[in-house]
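Hello,

Here is the structure I promised to pass on. Please have a look at it first, and then read my notes below.

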Amino acid sequence: MSAFGENRYTRVGIDGEAFTINGTATYEGRSWEGNSIEGLLFNARTVQALFDDENLETRDRWAYPDTGTYDPDRNVAEFLAAMPEWHDHGLRAVTVNLQCGSPEGYSDEQPWTVSAYRPDGSLKPAWMDRFRRVLDRADALGMVVIVGLFYFGQDEVLEDEAAVVAALNNAVEWLLDREYTNVIVEVNNECDIEYDHGILRPERVPELIERVRRKERNGFRYPAGTSFSGGTVPTDDAISASDVVLVHGNGVNDPDRIREMVAEVRDRPSYESMPIVFNEDDHFRFGSDCNVRAAIEAGASWGYFDPGENDYWHGYQSPPVRWDANTARKKAFFGYLDGVTSEQRDGPLVSETDGNAT
């Protein structure tokens, strides 16, 4: 019997609190300003990589300015084209969600229909083809994909809890069938925010995390966890069920709170040695004291979240998205990350102002 994923290039692993890629700790042997970054997983929230809106009343909101229409194939093609540049700057993971995320960054209402699932939990072929392209490019580059299965603004697309379970089963089995080995599963984004289905809320989401962990092929399974809203430390039950603790720094303006969150996770009775990953944070003051620096000092991975303005220029959250590092803010993040991860540099090449590279 052949080894699972033997034809894949990138295999993510977990060794205590550290991530490995192909058996070697990420950023092996590297330190930045006295802090080891070995085993961390710097990442970005790019959940709109697969985006398409089936609601004809809202679809025109995401039109490209040069064509007047939205094109999901163009979106994913431009995403793929940007990935090598991200990797070159030290990014080793992206978060992609099969129900994406709010296309307006932060929204009170979400009337659009954005989901890889039909109401019964079966998978839409066009969505999964775009997903395949993202996973294949990440695999070729040596990058990890944090795969979100559900989003609170779209879980109502699924008709009932049985459909939620079916969707999870179908998505994880789709991944296993293709022997992807560069995936971490985030069952749902911010499980503590207004999910329609009770099984996706904090009290019961451990059931779904465990369901992912039970699915194996030839001894291989996907590491799994779930995330909570900005500034919130996951529950003991969620931590106990997980392989990785996913936390969000949205709205956290004091870097000391980032340090406190990491300490609180480690103090939880359920916590055993496992990675702690911020995979969403909208703090952009990249300088002497900022959220990414606080995470590094605390031994946690950090992820960049840039909401955007639906103008094909700003951000990574608001379609139509321009995926290259074109704005001052994006350049500031990648410049900072370059400074942290590069063996040739002693520190970041950005100022402490919002998005101004030096």
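A word on terms before we start: two strands count as paired when DSSP finds at least two bridges between them. With that in mind, D15 stands opposite A18 in β2. Please remember that this is a predicted model.

Let me stay with those strands for a moment. Strand β1 covers residues 12-15 and strand β2 covers residues 18-21, and the two pair in the antiparallel sense over 4 bridges. V12 has I21 of β2 as its bridge partner. The hairpin of β1 and β2 has 2 residues between the strands, and there G16 takes a positive phi near 65°.

β2 also has a partner in strand β3 (residues 24-25): the two run antiparallel and are joined by 2 bridges. Here T20 stands opposite A25 in β3. This is again a hairpin with 2 residues between its strands, and N22 in the turn has a positive phi of about 55°. Put together, 3 strands make an open sheet, ordered β1-β2-β3, with antiparallel pairing. Its edge strands are β1 and β3, each of which pairs on one side only. As general background, strands of a sheet pair through backbone hydrogen bonds, either parallel or antiparallel.

Now to a glycine. Where does G249 sit? Its place is in the loop between β11 (245-247) and α6 (255-267). Is G249 buried or exposed? G249 counts as buried because its relative accessible area is 0%, and the cut-off for buried is under 20%. Leaving aside residues up to four places away in sequence, G249 touches I258, F278, E280, D281, D282 and N291. You may also like to look at G249 together with Y304: they are 55 residues apart in sequence, and 9.6 Å apart in space from C-alpha to C-alpha.

One of the residues that G249 touches, N291, leads us to helix α7. This helix (residues 291-298) is mostly covered, with 7 of its 8 residues buried. Those buried residues are N291, V292, R293, A294, A295, I296 and A298. What do they pack against? Their partners are β4 (31-32), β5 (35-36), α6, β12 (276-278) and α8 (328-341). Just after α7 comes G299, which takes a positive phi of about 80°.

Do write back if you would like to go through any of this together.

Best wishes

How values were computed. Residues numbered from 1 in each chain as written. Predicted model: local features only at pLDDT ≥ 70, side-chain atom pairs only at ≥ 80, totals over all residues. Heavy atoms only, no water. Buried < 20%, exposed > 50% of the residue type's maximum accessible area, 1.4 Å probe, protein only. Contact = heavy atoms within 4.5 Å.
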